[in-house]
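The following exercises concern backbone geometry and sheet architecture. Please consult the sequence and the structure shown below while working through them.

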Amino acid sequence: MKEAAALHPWARNDYLSSRNGQLHIDGVDINALVEQYGSPLYVFSERQLRDNAESILNHFRRVHRNTTVCFASKANANIAVLQVFRAAGLSIEINSGGEFHKAITAGFQPGEMVFNGVAKLVEELRTVIAAGIKAINVDSLTELKRILAVAQALGRRANVTLRIVPEIKGGAAAGWETGTSESKFGMTRAEQREAIALIAENVAFLKMTGIHAHIGTQVTDIGAYHREAEFLIAYFREVCELLPYPLEHINLGGGFPKNYSSSEENWRTTSGHYQGKYRTDVDFEMLAQTLIRPITESLGEAVEIIVEPGRSMVSDTGVLLTRIEAQKERNQQAMYYLDAGYSVLFDAFIGWYFHMINANRADDVDTHLCKVVGPLCDSSDVYYDIEGEGYVKTLLQQQPELRAHQALLEEVLVHQPGLRELPAATQLGDVLALFDVGAYALEMMNDYCGRLSAAAVMVDRQQDTRLIRRRARDEDLLRFDVY
Ligand SMILES: *Cc1c(COP(=O)(O)O)cnc(C)c1O
């Protein structure tokens with residue numbers, strides 16, 4: 001018999017297990033969850049959330065005691081999730097007045113918040129300056145002037161941290177890099193010189209608390225973090241020369257990567273792109289040594305280090321359960337229709353890869369290659385590559401001389417596998433589980449095509465489950481219409 005473990009690479013997430021072929025999450029049978037809460041359903045593990053928070057705090061603080069971890073709430077601002085993180089000792093990063101409201105609701109204090117964004121509104125600035133948040137990460141000179149005006153009007157002093165573009169190309173895929181002046185984020189050195197002069201002239205209303213950079217998301221190239229640390233150390237010293245008082249902190253942003261579970265077997269249906277981007281050796285200890293340690297050694301223990309991880313705190317804490325509602329045979333291949341499409345898991349739309357298994361046949365070793373699709377009336381609502389593979393094929397037909405570059409073309413253009421591997425016995429009514437969906441999923445759900453957004457539950461540490469987001473109802477679809 002083929003070793004079942006070979007098909008269970010997901011079991012390395014030790015909170016996932018299989019009993020009699022049925023997937024269990026922290027010991028809870030997913031069939032019971034779907035029966036009680038319906039499908040599609042997000043299931044979060046409180047234990048995983050806690051483990052991630054404790055792990056990053058332990059690894060980073062062992063190297064630099066004065067480290068603050070501000071969870072990037074845009075990755076998952078569900079109130080129950082935020083409360084778990086607050087209890088575990090994390091601070092918070094917000095991106096809007098809306099996220100400020102959520103953070104306050106979850107119990108965070110303004111002094112625990114850093115505020116990012118490229119186009120902050122006057123109203124948002126008024127709120128956070130009046131509340132006295134820890135830092136506003138300033139993205140442009142126009143924004144700094146806006147902050148000054150708001151602070152003057154309020155008679156308050158705003159804490160500002162300048163976001164610099166370090167001109168670092170992260171390991172993140174093109175389009176997800178945010179550390180160069182080709183992206184829309186941050187200020188160049190020249191712009192910052194002007195900004196610092198303005199701050200120095202207005203000490204009553206502006207206090208420069210630190211410098212900030214954020215180079216991308218799912219950055220798997222460890223060298224990029226080393227370059228970021230080197231850059232920021234030099235830049236920190238440069239800025240300290242220009243100010244009449246010392247900077248308090250250095251904010252390194254987020255972007256830390258996590259593995260997206262998959263089997264070796266599954267790789268053969270994916271491109272090189274997939275392997276480089278979704279599998280990573282980079283973990284919190286490696287980051288502690290590469291990103292944190294150089295700063296401690298160069299700038300000392302006193303400076304506060306802030307990091308803003310989002311994805312790496314939550315991606316591997318959530319599973320999406322979705323039922324097969326229809327089935328067809330196409331070109332001798334099975335095609336399965338799920339009740340969750342990109343309105344429930346938006347990143348599937350941009351070609352993000354999520355590994356899936358049949359949660360009712362989790363031990364089956366007899367598999368077949370098939371297509372898996374969502375329920376929306378849109379041909380891009382699929383869990384396989386419809387665009388990239390087509391582009392590559394067309395390009396190679398039109399320009400055969402490009403064949404020599406096929407691997408490169410696939411790396412850039414092909415995002416998803418062409419086919420998925422599921423048990424051959426898979427049938428209508430089975431529940432599939434998509435792994436590592438904890439980041440950027442709940443936040444991006446919508447009700448396109450009148451489909452109701454999914455519920456979410458938390459499995460707590462006593463293996464009890466509770467609803468943390470209710471399923472939408474028909475009347476929710478009308479909540480913004482005026483008629
Ligand atoms: C999105 C974002 C983060 C979090 O990024 P992850 O890749 O989820 O870790 C951190 N800082 C800033 C400024 C961001 O925009």
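**Exercise 1. Locate Y440 and describe its backbone and its burial.**

Step 1. Y440 is placed in the loop between strand 18 (431–434) and strand 19 (455–459); strands (E, at least two residues) and helices (H or I, at least four) are DSSP runs, numbered from the N terminus.
Step 2. The phi of Y440 is positive, about 55°, although this residue is not a glycine. Most residues other than glycine have a negative phi.
Step 3. Y440 has a relative accessible area of 14% and is buried, a term that means under 20% (1.4 Å probe, protein chains only).

The model is a predicted one, in which local features need pLDDT of at least 70, side-chain atom pairs count only at pLDDT 80 or more, and totals for chains, interfaces and linings use all residues. Residues are numbered from 1 along each chain as its sequence is written, and side-chain values use heavy atoms, with hydrogens and water left out.

**Exercise 2. Carry out the same analysis for Q218.**

Step 1. Q218 lies in the loop between strand 10 (206–212) and helix 8 (222–242).
Step 2. Its phi is positive at about 50°, and Q218 is not a glycine.
Step 3. Q218 counts as buried because its relative accessibility is 1%.

**Exercise 3. Describe the peptide bond between S39 and P40.**

Step 1. P40 is found in the loop between helix 1 (30–37) and strand 4 (41–45).
Step 2. The bond joining S39 and P40 is cis, with omega about -5°. Most peptide bonds are trans.

Terms used:
Buried < 20%, exposed > 50% of the residue type's maximum accessible area, 1.4 Å probe, protein only.
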